[in-house]
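Please look at the structure below. A short report on its aromatic rings and its chains follows.

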4 protein chains.
Amino acid sequence: MIDATPLPQYLVQRYHGWRATAFVENRAWYRRLAEDGQRPRAMVIACCDSRVHVTSIFGADSGEFFIHRNIANLVPAYAPDGEQHGTSAAVEYAVKTLKVAHLVVVGHTNCGGVQGCHAMCSGHAPELEEKTSFVGRWMDILRPGYERVVTLPPEEQIKALERQAVVISLENLMTFPFVKAAVESGELSLHGVLHDIAQGTLDQYDGRSQAFSLVT
Amino acid sequence: MIDATPLPQYLVQRYHGWRATAFVENRAWYRRLAEDGQRPRAMVIACCDSRVHVTSIFGADSGEFFIHRNIANLVPAYAPDGEQHGTSAAVEYAVKTLKVAHLVVVGHTNCGGVQGCHAMCSGHAPELEEKTSFVGRWMDILRPGYERVVTLPPEEQIKALERQAVVISLENLMTFPFVKAAVESGELSLHGVLHDIAQGTLDQYDGRSQAFSLVT
Amino acid sequence: MIDATPLPQYLVQRYHGWRATAFVENRAWYRRLAEDGQRPRAMVIACCDSRVHVTSIFGADSGEFFIHRNIANLVPAYAPDGEQHGTSAAVEYAVKTLKVAHLVVVGHTNCGGVQGCHAMCSGHAPELEEKTSFVGRWMDILRPGYERVVTLPPEEQIKALERQAVVISLENLMTFPFVKAAVESGELSLHGVLHDIAQGTLDQYDGRSQAFSLVT
Amino acid sequence: MIDATPLPQYLVQRYHGWRATAFVENRAWYRRLAEDGQRPRAMVIACCDSRVHVTSIFGADSGEFFIHRNIANLVPAYAPDGEQHGTSAAVEYAVKTLKVAHLVVVGHTNCGGVQGCHAMCSGHAPELEEKTSFVGRWMDILRPGYERVVTLPPEEQIKALERQAVVISLENLMTFPFVKAAVESGELSLHGVLHDIAQGTLDQYDGRSQAFSLVT
């Protein structure tokens with residue numbers, strides 16, 4: 001038996017509020033979305049962090065964004081080894097089946113995952129190095145980013161590593177043959193942004209200059 | 001060089017809309033969330049599907065929900081094999097580090113991932129059986145669910161399999177020692193719901209009766 | 001000896017209902033709130049009136065709102081005279097210690113306190129003018145509001161005075177140096193609303209236009 | 001000009017949820033409450049603390065409880081000196097005008113106000129001793145309680161002082177002639193309870209035994 005219990009009342013109350021307002025207003029549209037299927041224009045890969053609401057920042061309405069959220073918005077490199085790769089499956093489905101036009105990696109400041117990666121790589125979090133640490137093994141994806149930032153002054157490393165979590169994901173996306181092909185044929189464009197939680201700003205990555213600059 | 005280009009203008013425009021409204025209204029709160037860190041009360045595991053906005057349904061404001069989204073809202077069984085498991089990492093971080101009080105698996109109707117799983121298991125999608133299919137290998141998690149529904153009349157199987165995507169994830173969650181311990185000590189409660197996109201309803205799973213019933 | 005007796009049974013019964021439902025559902029969260037302390041996002045100042053449930057209107061769950069309730073939702077002007085000022089203490093604690101991001105004054109229609117103030121100021125309630133009348137002396141805070149509405153047609157005065165109970169409280173809040181500083185630095189935003197009990201509506205005050213308008 | 005801005009969107013959304021559900025369901029009752037006035041059966045004096053929702057614990061529906069909330073649920077002694085006493089005004093209105101049948105003082109564990117009082121009285125918070133500290137001067141009401149608990153082992157003092165915040169308020173209530181008269185005539189009963197946030201329990205004070213015991 002699974003110990004699954006009814007939803008806590010505060011969630012039920014909010015659900016009723018949603019039903020009586022947003023759902024009622026958009027009933028016909030929701031029915032069409034159910035019948036005709038989704039046709040999102042973009043895929044977003046963002047962090048699980050409770051402070052990063054890409055649906056708010058991009059005013060996402062129902063049906064617009066195919067959203068994958070994992071710790072530190074990371075994409076592993078292409079590895080068709082027959083194992084379970086949830087992130088790669090989401091990318092494959094978005095690009096090959098849904099044929100999204102845009103794929104946006106959204107990183108953010110104050111990321112616990114990035115901080116954990118930095119602690120692990122600098123020898124301050126041996127527990128994350130253990131084979132059984134799911135968070136540690138997941139953050140291994142960002143390890144090459146640590147190598148790039150370790151030569152910076154200590155106080156700049158975390159900030160730089162947050163950006164690497166976007167850059168390395170973009171690099172890894174290009175190792176997927178179907179992503180590379182879609183980008184080269186112009187069917188798909190890749191974007192990388194970093195969201196500053198306190199400032200409410202976005203910096204975006206430019207592949208040519210290999211630099212981030214403020215979205216204005 | 002990564003072919004990463006500036007955000008499309010429609011996203012920039014929406015971002016500016018968000019900045020001028022929600023961000024300005026909540027500037028102080030967002031700064032505090034950045035400084036003090038997140039303290040979400042619940043983790044939600046939902047599908048990437050663009051029509052499933054749990055942030056809307058549960059009126060999720062910044063800082064409230066730690067959200068992982070993958071294809072078909074699946075959680076694999078506990079497998080501390082040193083490989084990269086993004087979903088397991090998210091669950092580990094939510095339960096062990098953030099100590100969320102609730103973990104809600106949100107399934108939904110009209111799920112492309114579930115339909116693909118059904119096609120694959122019933123022999124109608126051989127391409128998903130290939131070792132190189134990320135979606136196919138990911139949907140393997142739901143394969144035991146197919147075995148449970150295959151004896152039903154054909155027209156009921158998809159609907160039943162959508163529910164299995166919730167039930168099996170709940171079952172697999174209980175294979176994580178730290179989830180099991182937190183549930184048994186009363187620190188964590190598990191919940192499973194199925195969202196009907198067209199009807200705007202929620203059904204919730206009761207572990208004792210092993211059945212879903214409408215949330216009222 | 002204080003003549004304090006056991007709770008009446010109807011309250012005990014309700015308490016048991018709460019314990020068996022909301023408490024059990026949220027046990028882990030309540031324990032965390034007890035251990036980690038509160039971190040409310042907003043302070044609400046509302047009337048004691050039994051018909052004004054701001055916790056319902058704003059779906060307030062445990063831990064979200066620091067709520068002060070007094071007669072007619074009044075805030076006196078800043079007066080650091082060493083006397084006991086319960087309202088000023090609550091404001092001080094919310095702004096300086098809890099560092100809330102929003103401070104909302106919630107007035108309401110059909111307010112007995114406002115009606116009493118109008119009667120007192122218009123000479124129809126001499127008993128409220130007495131030094132020993134706690135209600136009268138408390139409503140003195142709203143006396144400047146009476147001066148502003150007395151020139152209106154009689155049938156509009158009460159309604160206007162209800163709004164003054166919000167406006168004057170906002171004005172008085174700005175006389176507290178720490179409120180003014182927090183508002184000016186952008187750490188705190190002030191809001192004033194009037195709740196219509198019969199209509200279930202909210203009007204909100206805009207400082208620039210110095211007018212109330214319906215929240216839509 | 002007062003810098004009062006529109007409500008943040010998350011509050012507007014919740015208000016709309018409330019309007020579309022609770023308000024619609026109870027429209028007729030709310031209209032009657034507006035027309036006929038309130039007739040609450042009890043007054044509750046509770047803390048402003050965001051974790052103490054007496055409306056939840058006692059299942060308070062609209063119109064049932066006249067609720068005053070201040071820091072540490074304190075009632076000062078009767079002092080008809082012509083100054084502004086918000087708490088005394090609320091008590092006066094509840095007992096003399098509304099003629100409530102019950103008056104319940106609800107204290108709670110983990111109270112920041114009580115902790116501040118203990119720190120102040122034990123010499124660890126000189127800033128609270130300053131004339132300009134509203135919180136300090138307000139907590140002076142509880143100073144006699146500190147004298148009663150200071151002889152206890154240090155680890156028991158805070159817990160005992162939380163209870164004194166209830167007992168002293170009950171004692172002070174009896175210094176109000178109209179409270180004393182209503183209690184003695186049997187029109188009003190006084191109750192004091194302490195809510196344990198983590199355990200979800202209530203202890204109630206018995207005037208005869210001068211002790212608290214668990215509500216069962």
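## Aromatic rings and paired chains

A:Tyr15, A:Trp18, A:Phe23 and A:Tyr30 make up one aromatic cluster. This is a predicted model, in which local features need pLDDT of at least 70 and side-chain atom pairs count only at pLDDT 80 or more, while totals for chains, interfaces and linings use all residues. Residues are numbered from 1 along each chain as its sequence is written, chains are lettered from A and ligands numbered from 1 in the order in which they are written, and side-chain values use heavy atoms, with hydrogens and water left out.

Over all chains there are 44 aromatic pairs. Rings of Phe, Tyr and Trp (its six-membered ring) pair if their centres lie within 6.5 Å; planes under 30 degrees apart count as stacked, over 60 as edge-to-face and the rest as tilted. Two stacked pairs are listed here.

| Pair | Centre to centre | Angle between planes |
|---|---|---|
| B:Tyr15 and B:Trp18 | 6.4 Å | 25° |
| B:Phe58 and B:Phe65 | 6.3 Å | 20° |

B:Tyr15 and B:Trp18 are both buried (under 20% relative accessible area, 1.4 Å probe, protein chains only). B:Phe58 and B:Phe65 are buried too.

Charges also meet rings. The charged end of B:Arg41 sits over the ring of A:Tyr10, 3.7 Å from its centre; for this, CZ of Arg or NZ of Lys must be within 6 Å of the ring centre and within 35 degrees of the ring normal. C:Arg41 lies over the face of D:Tyr10, also at 3.7 Å from the ring centre.

Chain A is superposed on chain B by a rotation of 180° with 0.0 Å of shift along its axis, at an RMSD of 0.1 Å. The two copies are therefore related as by a two-fold rotation axis. The fit is by least squares on the C-alpha atoms of residues with pLDDT of at least 70 in both.

Technical notes: Buried means under 20% relative accessible area, exposed over 50%, partly exposed in between (1.4 Å probe, protein chains only).
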